[in-house]
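Here are my notes on this model, point by point. Please keep the structure open while you read.

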Amino acid sequence: MTQAPPRPQLAHLTAVLNDLRAKGTHFTLRVLDDQQAPVCHYDGREVINLASNNYLGLANHPKLVEAAVAATYAFGVGSGAVRTIAGTMRIHLELEEKIARFKNVEACVVFQSGFAANAGTVSAILGKEDFILSDELNHASIIDGARLSRATIKVFRHKDAAHCEQLLQELENTPGHKLVITDGVFSMDGDIGPVDKLAALAEKYGAIMMVDDAHASGVLGRNGRGSVDHFGMHGKVDVQVGTLSKAIGALGGYVCGTRDLIDYLYHRARPFLFSTSHPPSVAATCIEAFNILEAEPERIERLWTNTRHFQGELKRLGFNIGGVTTPATETPITPIIIGDGRAAMEFSRALFGEGVMATGIAFPTVPEGKARIRAIVTSEHTLAQLDRALETMERVAKRMGILQ
Ligand SMILES: *Cc1c(COP(=O)(O)O)cnc(C)c1O
């Protein structure tokens, strides 16, 4: 069969792609040939993997695999419906009860992803008479949820509680609910949101406090309970979002809070109402992951030991890992700031060619001029693997003039 001639309808998309190619920031997807592991194969090449969010190595933990397989045999591969119609399985509730106990809150609801949890919740709990006070570097899913809610969005400077307070003061005599929202850990810079200060402000001004702990779950707090635990702010945060897709190793997002918050979301959160629930294997996997967070805290210790070693060495070698014109990382997320988008993507490609997988990130994911490599170490990397990656990064950076 001959191909149909090109149609002009989508030509503007091709123009955008050509523009990205000209700027050097167009990418193709790297394909993982085996498991998400510290050393694995992408596009047929063996690499030290510094690109995944599999912080604790749970994505292929044998106990999680077993749980997924057992649940599949017992309950099948799909839930068959949205939660509110016929798709609530006992195992979904078991997972939610488990998370609620872990987080020490009344109730929890699981969404299909962290993205759906944020966007679905923010858009459900606020309306067009309301106000959202949001950190300028908050995740895209918060921004989309805020837009969908049709509330007025007020953006405060990154981690700037004083600026947030100023915005709250300006709204003091304006009717409408106010929501203060921050990432617990910022995904591109690895710094920690000032949950303590913002929660105190929310309390003072009667605002709702919400935290997105996607990168804090399994990383911060006792046994990875997240930023609220890290700051000792139990009972001061109304809405806690977490993801099951990163440290937990599988897929999903959850919201923790009061019984009424969760019941309300059952009735109003659109991804909950209009999109099918997880396969039972996903719920079973996540239940086992929370068991492991409690039973194997040494994974989190290893994560932090590896993080300190890796970041200390990068600094010693002269890499800019943030802290001057960009925020300083405080978690395993390690930005290596390059600046120019094309240079960052070229550095990433050169590292890949030498067996190190670290993603290049450019505008619009990060601001123009702050392009970077983002490296994430996990608990499962050995020091020898990290040292081999560091040696490669030094050599390639010197060759490319990134290091002197
Ligand atoms: C990854 C991420 C999400 C989305 O979580 P998924 O489960 O991958 O959809 C939400 N918020 C932040 C801050 C994230 O980094």
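1. Start at the ligand, and keep in mind that this is a predicted model. An oxygen atom of the ligand sits 2.9 Å from a polar backbone atom of phenylalanine 115. Here the protein partner is the backbone, not the side chain.

2. Two side chains also reach ligand oxygen. For lysine 246, a polar side-chain atom is 2.6 Å from an oxygen atom of the ligand. For histidine 215, the corresponding distance is 3.1 Å, again from a polar side-chain atom to a ligand oxygen. The ligand on its own has 380 Å² of accessible area, and the protein covers 86% of that.

3. Now the wider shell. It holds 15 residues, and those that come nearest to the ligand are Gly114, Asp212, Thr243, Ser245 and Lys246. Lysine 246 thus appears in this group and also makes the 2.6 Å approach through its side chain. By class, the shell has 10 polar, 3 charged and 2 nonpolar residues.

4. Which helix gives the largest share of the shell? Helix H4, spanning residues 114-125, supplies 3 residues.

5. Next, the overall layout. The protein is divided into two domains: domain 1 (23-52 + 297-400) and domain 2 (61-295). Note that domain 1 is written as two segments of the chain. Taken over C-alpha atoms, the domain centres are 27 Å apart.

6. How many residues of each domain are in contact with the other? The count is 20 in domain 1 and 22 in domain 2. About 1500 Å² is buried between the domains, with 62% of that area from carbon and sulfur atoms. On the domain 1 side, look at Ile300, Pro327 and Glu330: they supply 31% of the area this domain buries against domain 2, more than any other three residues.

7. Two backbone details deserve a check. Most residues other than glycine have a negative phi, and most peptide bonds are trans. Lysine 159 has a positive phi of about 60°. This lysine is in the loop between strand S5 (152-156) and helix H6 (161-170).

8. The other detail is the peptide bond joining phenylalanine 363 and proline 364. It is cis, with omega about 10°. Proline 364 is in the loop that runs between strand S12 (359-361) and strand S13 (371-376).

Notes: Residues are numbered from 1 along each chain as its sequence is written. This is a predicted model: local features need pLDDT of at least 70, side-chain atom pairs count only at pLDDT 80 or more; totals for chains, interfaces and linings use all residues. Side-chain values use heavy atoms; hydrogens and water are left out. A residue is near a molecule or strand if one of its heavy atoms lies within 4 Å of it. A polar contact is a pair of N or O atoms within 3.5 Å; within protein, one must be able to donate a hydrogen and the other to accept it, and residues adjacent in sequence count only if both atoms are side-chain atoms. Accessible areas come from the Shrake-Rupley method with a 1.4 Å probe; for residues, only the protein chains shown count as cover. Helices (H or I, at least four residues) and strands (E, at least two) are DSSP runs, numbered from the N terminus. Ala, Val, Leu, Ile, Met, Phe, Trp, Tyr, Cys and Pro count as nonpolar, Asp, Glu, Lys and Arg as charged, and the others, Gly among them, as polar. Domain bounds come from an automatic or database domain assignment. Contact means heavy atoms within 4.5 Å. Buried area is the accessible area (1.4 Å probe) that two parts lose on being put together, summed over both.
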